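Here's a quick briefing to read with the model open beside you. Have a look at the fold first, then work through the points below.

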Amino acid sequence: MAQKKSNTKKRSSKFESSSDESSSDEDRNNGLTESDEVDSESSSIENSFDDDGDGDDENGDDDEDGDDDETDDDDDESEDREPRQGMHWLSEPDEWSQLRTTVEMRIPPGTDFWRMTKTDECADNAPFYFLEMEGDFEVRCKIKANYEASDDQAGIMIREDEENWIKCGFQMIDDVPHMCATVTHDYSDMSMHPLPHLPEYMWVHAKKIGDGLEVYISEDSFDWMQIRQGDITDDGILQIGLYGASPCSEDGFVVTFEDFMIKGEEN
């Protein structure tokens, strides 16, 4: 919670190798389990994440002679660095990539989302990758990261504007891992749930129903525990997506979000 008050570059080799490692997960139902698939009528997120997911070229033919392999690799890398249809960045980091429902980013140091409480300062400069939606929704992802410093954090964010937002996810507080949720309406109100150990990954699930938002966590995506309920506007457009912050570190850290899913209300 300590406060300190980003331009597109080519991905580093670290991001290239980690994308390869995640390919087997994404090949399984394109990163979504059967129960998690998004109805295309209720959200654009499924179509935007599965662009060109069939592995064929533009003409629908496989490349038999291999002459265009290098060109295809360059095209794939370029696409990994472009936001998917409907997705936007607030404070886009220098290093990030996306392959279907897996998003990786290097969180820059000195970044945070926080307002006023205890510090009398406001920070609004952390990376946030989001989709805009109206009405009720659910958002879920699996978080894996190499946390380097106290207050390194990553998770889901739901945002109306700079003064009204909710963030929820994993956060290191000193050397103790926590699941945290912060509800902000001009002032930030954070709740903390300490964990008995540092898990390899954690699932986070947030659900908006009317003017309420419920936050759940899980280590296996089957057994869920609610850690927070807060109020959020029931009118207008909300920004929903993934965030990371590193207010106290010198180098930042890398976080991977897997099986990223947003589902809007059915029509």
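A nonpolar core here means a set of buried Ala, Val, Leu, Ile, Met, Phe, Trp, Tyr and Cys residues joined through side-chain atoms within 4.5 Å. By that yardstick, the largest core in this predicted model has 41 residues, and M105 and I158 have the most contacts inside it. Strand β16 (residues 253–264) supplies the largest share of this core, 5 residues.

**Cores**
- Take I158 as a way in: leaving aside neighbours within four places in sequence, I158 is in contact with F137, W165, I166, A206, L213, I232, L238, Q239 and I240.
- There's also a second, separate core of 8 residues, and A126, M157, Y243 and A245 are among them.

**The sheet**
- Seen as a whole, the sheet is open and has 7 strands, in the order β2-β3-β16-β7-β12-β13-β14, with antiparallel pairing.
- At the edges sit β2 (96–99) and β14 (225–231), each of which pairs on one side only.
- From one strand to the next, the twist averages 20°.

**Around β12**
- Strand β12 (residues 202–209) runs antiparallel to β13 (residues 212–218), and 7 bridges join the two.
- On the other pairing, 7 bridges also link β12 with β7 (residues 137–145), again antiparallel.
- If you want to check the register, V139 has A206 as its bridge partner in β12, while H205 is partnered with Y216 in β13.
- I209 has G212 as its bridge partner in β13.
- β12 and β13 make a hairpin with 2 residues between them, and G210 in the turn has a positive phi of about 65°.
- β12 is mostly covered, with 6 of its 8 residues buried.

**Two serines to look at**
- S218 sits in strand β13 and counts as buried because its relative accessibility is 2%, with the cut-off for buried being under 20%.
- The side chain of S218 has a polar atom 2.8 Å from the backbone nitrogen of S221, and this side chain also reaches the backbone oxygen of D223 at 2.8 Å.
- Not counting residues up to four places away in sequence, S218 touches M202, W203, D223 and W224.
- S246 belongs to the loop between β15 and β16, and S246 is buried because its relative accessible area is 0%.
- What does S246 contact, leaving aside its neighbours within four places in sequence? The list is I107, P108, P109, G110, T111, D152, G252 and F253.
- The C-alpha atoms of S246 and P109 are separated by 5.1 Å, although the two residues are 137 residues apart along the chain.

**How far to trust it**
- The protein chain averages a pLDDT of 78, and 69% of the residues score at least 70.
- Which elements have the lowest and the highest mean pLDDT? Helix α3 (residues 45–49) is the lowest at 37, and strand β15 (residues 238–245) is the highest at 98.
- Over residues 1–66 the pLDDT is below 50, yet this stretch has 118 contacts in the model beyond near neighbours in sequence.
- Residues 68–72 also stay under 50, and there the model has 3 contacts beyond four places in sequence.

Notes
Residues numbered from 1 in each chain as written. Predicted model: local features only at pLDDT ≥ 70, side-chain atom pairs only at ≥ 80, totals over all residues. Heavy atoms only, no water. Pairing = 2+ DSSP bridges. Helix = DSSP H or I, 4+ residues; strand = E, 2+ residues; numbered from the N terminus. Axes fitted to C-alpha atoms, helices over the stretch in contact; angles between N-to-C directions. pLDDT = per-residue confidence, 0-100. Contact = heavy atoms within 4.5 Å. Buried < 20%, exposed > 50% of the residue type's maximum accessible area, 1.4 Å probe, protein only. Polar contact = N/O pair within 3.5 Å; in protein donor to acceptor, adjacent residues only side chain to side chain.
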